[in-house]
Amino acid sequence: MTSEQAVLDAHYMARALELARNGLYTTHPNPRVGCVIVRDGQVVGEGWHERTGEPHAEPNALRAAGDKARGATVYVTLEPCSHHGHTPPCADALVSAGVARVVAGMQDPNPEVAGRGMQRLAQAGIEVRSGVLEAQARALNPGFLKRMEHGLPFVRVKLAMSLDGRTAMASGESQWITGPAARAAVQRLRAEASVVLTGADTVLADGARLTVRAAELGLDAATTALAMSRPPLRVLIDGRLRVPLNAPFFKAGPALVITCVTPENQFPRGPECLVVPGVDGQVDLRSALVALAARGVNEVLVEAGPSLAGAFAQQGLVDEYVIFIAGKFLGSAARPLLDWPLEKLADAPQLKITEMRAVGDDWRVTAIPVPAASV
Ligand SMILES: Nc1nc(O)c(N)c(N[C@@H]2O[C@H](COP(=O)(O)O)[C@@H](O)[C@H]2O)n1
Ligand SMILES: [Zn+2]
C-alpha cells in the first residue's frame, strides 16, 4: 500500500468516526458505528447506526450510495457484522453491492462476529484492511468493548469537589459547588451512559433523581431530541432496601433497584428489583456489574457519595474518573471525595491524568487507574 493510500484511508476513517459520534446517546447496547463510501475520490454515501433494532451504519451508507457503491471503497469504524441479529449480516450486503475494498477501524469483539465479517468479504474477493485509526475507534465504544471482552460494563465515576478536595459541607449541603457549565457537562455524561447508578445514602440525603433534563444539556435541538429519546436507566444500589417508594428518585421515572436482601413484596407495584449476592446488607458490586452487563449495559456512570464511590474505587471496579474541580475551599470539616482510609503513601493508588480542561469557571479532570504492576 502506498503512503498516499494510507493517508487517504486515515482521512476517510476520521470522517467515519465523526459520523459514528452521532450515535453517542442512542446506540446502546449496540456500538457507535459510522461508515463512508468513496468512489473515484468522491464520497458517494455516508451512514451511521442510530439505535438497536434499526439498520447498521453500512446499509445506511449503501442506501445513500445506491449504484455508486459498485467498485467503491467502504470505510467503517467497526468490522462489518457476519451474523443475523436484529438485522441481516452487513458483510453480505457489502458483497451484494459489489464494493471493491473495505477498510475497518477495528475487529468486532462480539463473539458472533470476531473476524468473520472481514473473512467473508475477503472470501468474496474484496480487498480488506483493518486497524485504521484503531485507538480512536476503540475510544468511541469503551462500554461495548469492555462488555464484549470482559463481561463487565465500563464504569465511569463522576465526582465534583472543591480545590481542597471536599464534596459537601458537613451538613451535606452541596448545591452548588460547581457552576452551570460543569453541571451541563454532567447532564451530557448522564445522557451518554446506559445506566446512571447511585446509592441509598445519596437518594435519602439529597432527594437525588439523577434524571437527564433536556433544558440543561446545552445541546442543539436535534441532538437534545436524540439524547432524550434514549434516557439512561437509573439504578439504585440499596442493600437493605432503605429507600421508600415515595422517594423523588422513584417518582422520576423507571428505575432498577439492586439489593442483596429478598424483597418480600417490598415493591408490589414499584420498580424492578434485582437481587445479587452481598454481605451484611452490602451489595457485592462486581456481581451487580456482571448482572448489568448481562442485560446489555455498556457504560455505567456512578454518581454517588464517598462511601459507594469509595467502594467502587477500592474494589478496582472503576475504569475512569471524571472529576469537576471548583475554585472554592470548603474547609476541613467538609466531606471527603472518597471514603478510602489509607495508612501509607505506598498504598496510595496511582492514577494517570489523561485530560484536564476548563469547563466554564471550573476544571474537568479525567483520570484512569494505573494497574499496580505497572507503577
Ligand atoms: N459493523 C457494525 N455496524 C453497525 O452499525 C453495528 N451496529 C454493528 N453492530 C454489531 O452487530 C451487533 C448487533 O447486531 P443487531 O443490531 O442486533 O443486528 C453488535 O453487537 C455488533 O457486534 N456492527
Ligand atoms: Zn451489521
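**Helix α11**

I started with helix α11, residues 285–294, and asked which of its residues are buried. My list reads Leu285, Ala288, Leu289, Ala291, Leu292 and Ala293. I then stepped past the end of the helix. Gly296 follows α11 and has a positive phi, near 85°.

**Confidence check**

Before going on I noted that this is a predicted model, so I looked up the scores. Mean pLDDT for the chain is 95, and 98% of the residues reach 70 or more. Both ipTM and pTM come out at 0.94. I keep one general caution in the margin: coordinates should not be read in detail where pLDDT is low.

**Annotated domain**

I pulled the UniProt record next. The unreviewed entry puts "domain: CMP/dCMP-type deaminase" at residues 7–129. I took that range and asked how much of it is helix and how much is strand. Helix accounts for 31% and strand for 20%. The C-alpha atoms at the two ends of the range sit 14 Å apart.

**Zinc site**

Which residues coordinate the zinc ion, ligand 2? I find His56 through ND1, and Cys81 and Cys90 each through SG. The distances run from 2.0 to 2.2 Å. Written as a sequence pattern, the donor residues are spaced H-x24-C-x8-C. I also checked the cysteines for burial, and both Cys81 and Cys90 are buried.

**Ligand 1**

I moved on to ligand 1 and its surroundings. There are 18 residues around ligand 1. The ones that come nearest are His56, Ala57, Glu58, His86 and Asp108. His56 is on this list and also gives its ND1 to the zinc ion, so I flagged that residue in both entries.

Then I went through polar atoms one pair at a time. An oxygen atom of ligand 1 lies 2.7 Å from a backbone N or O atom of Ala57. Glu79 brings a polar backbone atom to 2.9 Å from a nitrogen atom of the ligand. With Asn110 the side chain is involved: one of its N or O atoms is 3.0 Å from an oxygen atom of ligand 1. How much of the ligand does the protein bury? Alone, ligand 1 exposes 510 Å², and 95% of that is buried by the protein.

**Pro109**

I looked up Pro109 as well. This proline is in the loop between β4 (101–104) and α4 (116–123). Is Pro109 buried or exposed? Its relative accessibility is 18%, so it counts as buried, the cut-off being under 20%. I also took a C-alpha distance from here: Phe144 is 35 residues away along the chain, and the two C-alpha atoms are separated by 8.8 Å.

**Arg156**

Arg156 is part of strand β6, residues 154–162. Its relative accessibility is 11%, so I put it down as buried. What does its side chain contact? I find a polar contact with the side chain of Glu320, at 2.6 Å.

**Backbone oddities**

A general reminder first: most residues other than glycine have a negative phi, and most peptide bonds are trans. I went looking for exceptions.

- The peptide bond from His28 to Pro29 is cis, with omega near 10°. Pro29 is in the loop between α1 (3–20) and β1 (34–39).
- I noted another cis bond from Gln175 to Trp176, where omega is near -5°. Trp176 belongs to the loop between β7 (166–168) and α7 (180–192).
- Asp40 is not a glycine, yet its phi is positive, near 50°. I place Asp40 in the loop between β1 and β2 (42–48). It counts as exposed because its relative accessibility is 73%.
- Leu210 also has a positive phi without being a glycine, at about 60°. Its loop runs between α8 (200–206) and α9 (221–229). Leu210 counts as buried because its relative accessibility is 6%.

**Leu338**

Last entry. Leu338 is in the loop between β16 (335–336) and β17 (351–359). Its relative accessibility is 21%, so I filed it as partly exposed. How far is Leu338 from Glu134, C-alpha to C-alpha? I get 34 Å in space, with their positions 204 residues apart in sequence.

Note on methods:
Residues are numbered from 1 along each chain as its sequence is written. Chains are lettered from A and ligands numbered from 1 in the order in which they are written. This is a predicted model: local features need pLDDT of at least 70, side-chain atom pairs count only at pLDDT 80 or more; totals for chains, interfaces and linings use all residues. Side-chain values use heavy atoms; hydrogens and water are left out. UniProt positions are given in the numbering used here, feature names are shortened, and annotations may be inferred rather than shown by experiment. Helices (H or I, at least four residues) and strands (E, at least two) are DSSP runs, numbered from the N terminus. pLDDT is the predictor's confidence in each residue, from 0 to 100. Donors are N, O and S atoms within 2.8 Å of the metal (3.2 Å for Na, K and Ca); water is not among the atoms, so sites may look incomplete. Buried means under 20% relative accessible area, exposed over 50%, partly exposed in between (1.4 Å probe, protein chains only). A residue is near a molecule or strand if one of its heavy atoms lies within 4 Å of it. A polar contact is a pair of N or O atoms within 3.5 Å; within protein, one must be able to donate a hydrogen and the other to accept it, and residues adjacent in sequence count only if both atoms are side-chain atoms. Accessible areas come from the Shrake-Rupley method with a 1.4 Å probe; for residues, only the protein chains shown count as cover.
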